[in-house]
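The exercises below deal with charged side chains. Work through each task before reading its solution.

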Amino acid sequence: MKQISKLTTIIVVALLMISINETSAQNRRQGPPAAPDSTQIIEMVDNLAKELSLTDVQKEKIKELHLSQLEEMKTNRQNGENDRQKMREEMEESRKELQEKVMQILNDEQKEKYTELMEKRLNQRPQRSQRPQRQR
């Protein structure tokens, strides 16, 4: 009887552990990070304004650039082709264009700080080959 009770306990614990593992796997985020919403963009531009000592005019122009890019990304997703590689390339091109437009708004000192900031942020993000692979 004790052996059956022990066996039952072991089976219940094993099933519980499997269930917990499956639940946590389902809660893990899959795919690329979500695009920021307008609130996050405004917060990001506010932080950038502090770091670069932007004027109110510069801050407003940069905010409009980012919000415009957000709308463009939403439109592209809604019209969405299923070619992920093409979408990734378009997003990368859009990001580069945005950075070029931002650079045109900044003075020389701000450009230098902005370039350093962007390089630092880019280096902090794991590259695709360094990201943990999804387990199936």
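**Exercise 1.** Is Asp 46 buried, partly exposed or exposed?

*Solution.* The model is predicted, so local features need pLDDT of at least 70 and side-chain atom pairs count only at pLDDT 80 or more, while totals for chains, interfaces and linings use all residues. Residues are numbered from 1 along each chain as its sequence is written, and side-chain values use heavy atoms, with hydrogens and water left out.
Step 1: take the classes, where buried means under 20% relative accessible area, exposed means over 50%, and partly exposed lies in between (1.4 Å probe, protein chains only).
Step 2: Asp 46 has a relative accessibility of 26%, so Asp 46 is partly exposed.

**Exercise 2.** With which residue does Asp 46 form a salt bridge, and which helices hold the pair?

*Solution.* Step 1: a salt bridge requires a side-chain nitrogen of Lys or Arg within 4 Å of a carboxyl oxygen of Asp or Glu.
Step 2: the partner of Asp 46 is Lys 59, with the closest N and O atoms 2.8 Å apart.
Step 3: Asp 46 belongs to helix H2 (residues 38–52) and Lys 59 to helix H3 (residues 56–78), so the salt bridge ties together parts that are 13 residues apart in sequence. Helices are DSSP runs (H or I, at least four residues), numbered from the N terminus.
Step 4: Lys 59 has a relative accessible area of 27%, so Lys 59 is partly exposed.

**Exercise 3.** How many salt bridges does the rule give, and how far apart in helix H5 are Glu 109 and Lys 113?

*Solution.* Step 1: the count is six salt bridges.
Step 2: one of them joins Glu 109 and Lys 113, at 3.7 Å from N to O.
Step 3: these two residues are four residues apart in helix H5 (residues 108–124), so about one helical turn separates them.
Step 4: Glu 109 is exposed at 54% relative accessibility, whereas Lys 113 is partly exposed at 33%.

**Exercise 4.** Which residue of helix H3 does Glu 60 meet in a salt bridge?

*Solution.* Step 1: the side chain of Glu 60 meets that of Lys 63, at 3.4 Å from N to O.
Step 2: both residues lie in helix H3, three residues apart, about one turn of the helix.
Step 3: Glu 60 has 38% relative accessibility and therefore counts as partly exposed.
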